[in-house]
2 protein chains.
Amino acid sequence: MAVISNGSVTAAAADLGISQPAASRLLSDLTKGLNFQLFDKRDGRLVPTQETRILQPDIERVLELMGQISDISKDITNRQVGHIRMACLPGFATSHLPRVVADFLKERPGVRMTIEPDRPERILEWMIGEQYDFGITDDFVGHPAVESSDLDIRTVCVFPSGDPLESLDSITPRDLSERRFIQPHRDSAFHRRLSRVFSDAQVSWQTHIEVRQFTAACELVCHGAGVAIVSEFDARKYETLGLSYRKFAPALPHTLSLVRPILKKPSLVTLEFMEHFRESLSPYLLNT
Amino acid sequence: MAVISNGSVTAAAADLGISQPAASRLLSDLTKGLNFQLFDKRDGRLVPTQETRILQPDIERVLELMGQISDISKDITNRQVGHIRMACLPGFATSHLPRVVADFLKERPGVRMTIEPDRPERILEWMIGEQYDFGITDDFVGHPAVESSDLDIRTVCVFPSGDPLESLDSITPRDLSERRFIQPHRDSAFHRRLSRVFSDAQVSWQTHIEVRQFTAACELVCHGAGVAIVSEFDARKYETLGLSYRKFAPALPHTLSLVRPILKKPSLVTLEFMEHFRESLSPYLLNT
DNA sequence: CCAAACTATAACATCATGTTATGCGAATAA
DNA sequence: TTATTCGCATAACATGATGTTATAGTTTGG
């Protein structure tokens, strides 16, 4: 093809970055293997035979495809292609994740992503079954087939704007003793931790409403149903919607777990996205 | 691809007909060049990574196309593909050639053929201009850019069936002295040769009708317009249509020329077809 | 006829790719 | 647990493909 497009062996050799004799012999070797002439000599130059012209379009296609393959593999090393299948808690799918994902995909036109929100137990199953590349869950207790890394998210106390609590710098269980309290779900680890904190402070909390999600809690607080302890980034989202928040003391983490199947090797993009996601949460991490 | 489809390096090596270490190192060399893993080890076996799966369809396509190329080049050496552009006298295009071509193409599904019938001068132009691969013409006088080989076709005397001439074994000019004679065109070499024969025999021939083509002459003879000297294979075609023919003495050749551009290298199929065509005429050749 | 351009060949260097021999780790059976 | 088997990786080496430089033969154009 180089000889055809460059018009001579000498030019082809230059184009290919090899010496003229090298090109010359490559050509003669190829001809030997084919049992028919590839070029005719004509006025000292080489012109493709009819046979060669028959093969030409197919060969061009192969070269083009090989170029494509080379491009794709470059994209792979640049983490520009791939498919990430992730599972997450329903809260994430609607609040924090979309921005992170959009941000990540903006620079990576070839990367596809599947996001499946569900309950933690289901997420765990998916990890064990290797149906997903990674997941975001909480209350993760460990499993031999799952690799996990925890993130301690800062939590704050949220209350309606204008509430007297606003005058405080940080809020303690004692400050909430008379308040209607919107609690996390009783099965959750966060519930247990919170109740421990209250009992340590010898403050009894009124069982009032139990919700699974921080966003639901925020909504309820918005509507004056009481106060709640939620993750800081949920709280921040509701700041413009009539909520205020203050630091809660003692600092109480809400522990998220980034999980992935331990045996399944993560793709390069997946690793990169996990790192990207972790960083997106760094402003909200509890610095122990 | 061999590793993927065979499930293991060992099996792939066997499939490729190389040793296992060779396959093993081919794989590691390829990986080195790509900067990302192609396979993961899993229970001692190799499973393709997500990255590899992305490349897989393109690679399959390349391999398939390369197989095609190999097939085509095999077809080329077997003279199974190609394009023959030929020019011929109008008489051939309708009478002898179709069968020869059909016969030739029957065994060669990939070969295409273009047949262009025209006058000899035009055919000559096409040869010089290298627009056709070869041509069949007559009255060819030679040209530096054209290579030619002559074929002397046997000619016979045709007359309507039942004519007294049928009793003769061979016909001489003298036998035709009183006959209306359908002559070849006065510009043709055959005309000159024929008139020479008649004058040598001191037989004057009546100028009656002049035609360019043997088939036209045969048609005229059919309709009782006279007798004619035509090529044997034209005569034979009219045997069932009311004509008889006998040897003409002295044996007079009708000289056809197979011509082709001298500089343009003929394709393998073209050479083969020319040979095929020559053979198709061998039963009609004048054995000097 | 000479100079320039192009191709082919020779002689040699180097690297990719093949070989055999062997070791290592994981799965399997005793 | 231990021995065995299986699959892969590595070492050491052979060889052919592919590169190099040097050089000679052809053809073209002035």
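**Group meeting: two chains and two DNA strands**

B:A23 is buried, with a relative accessible area of 10%. Buried means under 20% relative accessible area, exposed means over 50%, and partly exposed lies in between (1.4 Å probe, protein chains only).

Some ground rules before I go on. This is a predicted model, where local features need pLDDT of at least 70, side-chain atom pairs count only at pLDDT 80 or more, and totals for chains, interfaces and linings use all residues. Residues are numbered from 1 along each chain as its sequence is written, chains are lettered from A and ligands numbered from 1 in the order in which they are written, and side-chain values use heavy atoms, with hydrogens and water left out.

Back to B:A23. Find helix α3 of chain B, and B:A23 is in it. Helices (H or I, at least four residues) and strands (E, at least two) are DSSP runs, numbered from the N terminus. What does B:A23 touch, not counting residues up to four places away in sequence? The answer is B:V9, B:A13 and B:I18. Contact here means heavy atoms within 4.5 Å. Now look along the chain to B:K237, 214 residues from B:A23. The C-alpha atoms of these two are separated by 66 Å.

Next, the DNA. Start with strand C. It is surrounded by 18 residues, and the closest are A:T10, A:Q20, A:S24, B:S19 and B:R25. A residue is near a strand, or a molecule, if one of its heavy atoms lies within 4 Å of it. By class, this surface has six nonpolar, seven polar and five charged residues. In that count, Ala, Val, Leu, Ile, Met, Phe, Trp, Tyr, Cys and Pro are nonpolar, Asp, Glu, Lys and Arg are charged, and the others, Gly among them, are polar.

Which part of strand C is within 4 Å of the protein, by atoms? Sugar or phosphate holds 48% of them, and the rest belong to bases.

Three polar pairs to point at. A polar contact is a pair of N or O atoms within 3.5 Å; within protein, one must be able to donate a hydrogen and the other to accept it, and residues adjacent in sequence count only if both atoms are side-chain atoms. A polar backbone atom of A:V9 is 3.1 Å from a phosphate oxygen of strand C. For A:S24, a polar side-chain atom lies 2.6 Å from a phosphate oxygen of strand C. For B:S19, that distance from a polar side-chain atom to a phosphate oxygen of strand C is 2.5 Å. The elements giving two or more residues to this surface are α2 (9-16) and α3 (20-34) of chain A, together with α3 (20-34) of chain B.

Now strand D. There are 17 residues around it, and A:S19, A:R25, B:T10, B:P21 and B:S24 come nearest. Of the strand D atoms that come within 4 Å of the protein, sugar and phosphate account for 50%. The classes are six nonpolar, six polar and five charged residues.

Bases come in here. A polar side-chain atom of A:R25 lies 2.9 Å from a base oxygen of strand D. For B:Q20, a polar side-chain atom lies 2.9 Å from a base nitrogen of strand D. A phosphate oxygen of strand D is 2.6 Å from an N or O atom in the side chain of B:S24. At least two residues each come from α3 of chain A, and from α2 (9-16) and α3 of chain B.

Step back to chain A as a whole. It has eleven helices and 13 strands. Its radius of gyration is 32 Å, well over the 19 Å that the globule rule gives for 288 residues, so chain A is more spread out than a compact globule. That radius is taken over C-alpha atoms, and the rule is 2.2 Å times the number of residues to the power 0.38. Along the principal axes, the C-alpha atoms fill a box of roughly 105 × 40 × 30 Å. Of the 288 residues, 46% count as buried.

One residue there: A:S280, in helix α11 (residues 268-281). Is A:S280 buried or exposed? It is buried, at 19% relative accessible area. Its side chain reaches the backbone oxygen of A:F277 at 2.6 Å. Leaving out residues up to four places away in sequence, A:S280 touches A:H96 and A:V100.

Last, cysteines. How many disulfides are there over all chains? A search of the whole structure finds zero. A disulfide is a pair of cysteine sulfur atoms within 2.5 Å. For A:C88, the nearest cysteine sulfur, that of A:C218, is 17 Å away. A:C88 is buried, at 0% relative accessible area.
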